[in-house]
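Biologist: I am new to this structure and would like a close look at a single part, the place where the two domains meet. Could you take me through that part with care, and then show me how the rest is arranged around it?

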Amino acid sequence: MTLDAAKIRKDFPILFQEVNDEPLVYLDNAATSQKPAAVLDALRHYYETDNANVHRGVHTLAERATADYEAAREKLRGFIQARSTKEILFTRGTTTGLNWVARSYGDANVNEGDEIVISYMEHHSNVIPWQQLAKRKKAILKYIELTPEGFLDVEDAKKKITAKTKIVSLTQASNVLGVVNPIREVAKFSHAAGAILVVDGEQSAPHMPIDVQTMDADFFAFSGHKMCGPTGIGVLYGKQSLLEEMEPIEFGGEMIDFVHLQDSTWKELPWKFEAGTPNIAGAITLGAAVDYLTAIGLEEIHQYETELVSYVLPKLQAIEGLTVYGPQETKQHTGVISFNLAGLHPHDLATALDMEGVAVRAGHHCAQPLLTYLGLSAACRASFYFYNTKDDADRLVAAILAAKEFFQHGSLEVR
Ligand code: C6P
């Protein structure tokens with residue numbers, strides 16, 4: 001194994017507790033990650049020593065808070081290899097970022113009869129903003145098919161993306177199938193067709209190195225809470241040339257240059273998009289999360305998660321009656337694995353696993369078009385992060401076997 005998860009786990013106080021009299025195994029990282037002590041300390045430090053509003057005051061605390069807030073923006077720039085901090089907009093999270101692109105870029109550039117292309121594996125946050133845009137503009141929303149193995153069907157993408165396409169929006173990694181999409185390749189043919197490419201980086205940014213310039217994404221949205229940061233903060237990256245042309249979505253304090261009685265002018269990038277008092281503590285704490293992840297190494301995290309999945313996937317596949325969805329191999333795979341056990345509702349399975357201390361998610365995972373496409377209404381999902389261990393994987397497998405035994409023969413003993 002490439003990284004010492006047993007040592008790293010000690011950075012996460014929440015993991016050392018019992019749930020239903022069993023040591024907690026947290027495998028719901030695709031819903032939200034846990035926070036290391038360094039991030040919790042940064043939050044406390046900010047409120048204890050520097051708390052003030054940003055970009056407004058001239059007093060010392062205000063200057064410190066402003067400097068820390070802008071230093072966090074620089075950390076986020078480096079994290080995704082953006083060219084400039086002008087391209088880093090602080091948002092509430094991925095959902096906000098995608099809505100901003102649909103509202104601002106979409107409203108200005110999509111017209112009647114134009115096409116927007118997404119895929120069947122998108123999260124609702126990367127479906128509904130485009131549905132709404134299509135409705136507002138009488139545009140057409142198209143879906144790229146998946147291959148029988150659960151990969152994005154690149155040949156279908158090439159057919160669906162045409163000269164009529166204005167926006168292509170794709171997730172880099174699926175929150176249900178764990179599959180990683182070939183974003184750079186899609187960017188090439190999207191741009192050749194004259195479309196922009198929006199990337200939902202929610203399930204990729206926490207798990208692998210991101211270089212928005214190399215992938216040539218026009219927009220890239222992600223949330224802090226899935227990468228060891230707090231909730232309520234995220235980033236929308238946009239190419240400067242596009243952001244310069246776009247109108248803000250929200251209006252109010254701090255995003256203005258000058259307010260006249262009937263009209264106003266905006267600040268320069270990135271501040272023209274950040275109306276009102278921002279989530280200062282969130283941004284600074286997310287900066288601490290970036291420091292933490294960077295010290296471990298995103299490449300190391302990615303490799304480690306691939307090793308963990310290589311370890312657990314065959315064990316899950318070997319359980320009689322258990323169906324694993326999506327790619328059955330670890331190529332282009334994150335630590336997300338969805339499955340169902342024959343004869344058991346996924347919610348019942350998740351509850352049985354919780355009784356063994358194992359936290360997984362069950363349901364439609366905010367991806368109803370995908371579940372419908374797969375002929376499902378719900379599934380169980382285990383999602384690993386770099387602080388999970390092989391032992392956690394074994395506990396998951398043992399808990400599934402115990403649940404199977406219980407529902408077949410009525411005794412819930414882990415073997
Ligand atoms: N998926 C899950 O359990 P927010 O809520 O804005 O941070 O992220 C939305 C979102 C967008 N895209 C993808 C691919 C996602 O997985 C998510 C969040 C969580 O799968 C909560 S529904």
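Modeller: Across the interface of domain 1 and domain 2, 16 residue pairs are found in polar contact, with both residues of each pair at pLDDT 80 or more, a confidence value that matters here since the model is a predicted one. Salt bridges, by contrast, number zero across the interface of these two domains. The area buried between domain 1 and domain 2 comes to about 2,900 Å², and carbon and sulfur atoms give 62% of that area. Counted by residues, 35 of domain 1 are in contact with 33 of domain 2. On the side of domain 1 that touches domain 2, the elements giving two or more residues are helix 11 (298-317), strand 14 (336-341) and helix 13 (368-373).

To place these elements along the chain, the domain assignment gives domain 1 as 5-31 + 298-409 and domain 2 as 40-295, and the centres of the two domains, taken over C-alpha atoms, are separated by 28 Å.

Strand 14, one of the elements at the interface, also belongs to an open sheet of four strands, whose order is 13-14-17-16 and whose pairing is antiparallel. The edges of this sheet are strand 13 (322-324) and strand 16 (361-363), each of which pairs on one side only, and neighbouring strands are turned against each other by 30 degrees on average, with direction ignored. Strand 16 is joined by three bridges to strand 17 (residues 379-383), and the two run antiparallel; within strand 17, C380 is the bridge partner of A362.

A second open sheet has seven strands in the order 4-10-9-8-7-5-6, and here the pairing is mixed. Its edge strands are strand 4 (88-91) and strand 6 (140-144), each pairing on one side only, while the twist from one strand to the next averages 20 degrees. Inside this sheet, strand 7 (residues 165-171) and strand 8 (residues 196-200) pair in the parallel sense over five bridges, and S169 has V198 in strand 8 as its bridge partner. Helix 7 (residues 183-192) packs on the sheet and touches both strand 7 and strand 8, its direction making about 155 degrees with that of strand 8.

Although the interface has zero salt bridges, the count of salt bridges comes to 20 by this rule. In one of these, the side chains of R9 and D392 meet at 3.4 Å, N to O. Because R9 lies in the loop between helix 1 (5-8) and strand 1 (18-19), whereas D392 lies in helix 14 (residues 390-409), the pair ties together parts that are 383 residues apart in sequence.

Two details of the backbone complete the picture. L269 and P270 are joined by a cis peptide bond, with omega at about 0 degrees, and P270 has its place in the loop between strand 12 (264-266) and helix 10 (280-296). Q81, a residue other than glycine, has a positive phi near 60 degrees, and it lies in the loop between helix 3 (60-80) and strand 4, the strand that also forms one edge of the sheet of seven.

Definitions and conventions: Residues are numbered from 1 along each chain as its sequence is written. This is a predicted model: local features need pLDDT of at least 70, side-chain atom pairs count only at pLDDT 80 or more; totals for chains, interfaces and linings use all residues. Side-chain values use heavy atoms; hydrogens and water are left out. Two strands pair if DSSP finds at least two bridges between them. Axes are lines fitted to C-alpha atoms, for helices over the stretch in contact, and angles run from 0 to 180 degrees between N-to-C directions. Domain bounds come from an automatic or database domain assignment. Contact means heavy atoms within 4.5 Å. Buried area is the accessible area (1.4 Å probe) that two parts lose on being put together, summed over both. A salt bridge is a side-chain nitrogen of Lys or Arg within 4 Å of a carboxyl oxygen of Asp or Glu. A polar contact is a pair of N or O atoms within 3.5 Å; within protein, one must be able to donate a hydrogen and the other to accept it, and residues adjacent in sequence count only if both atoms are side-chain atoms.
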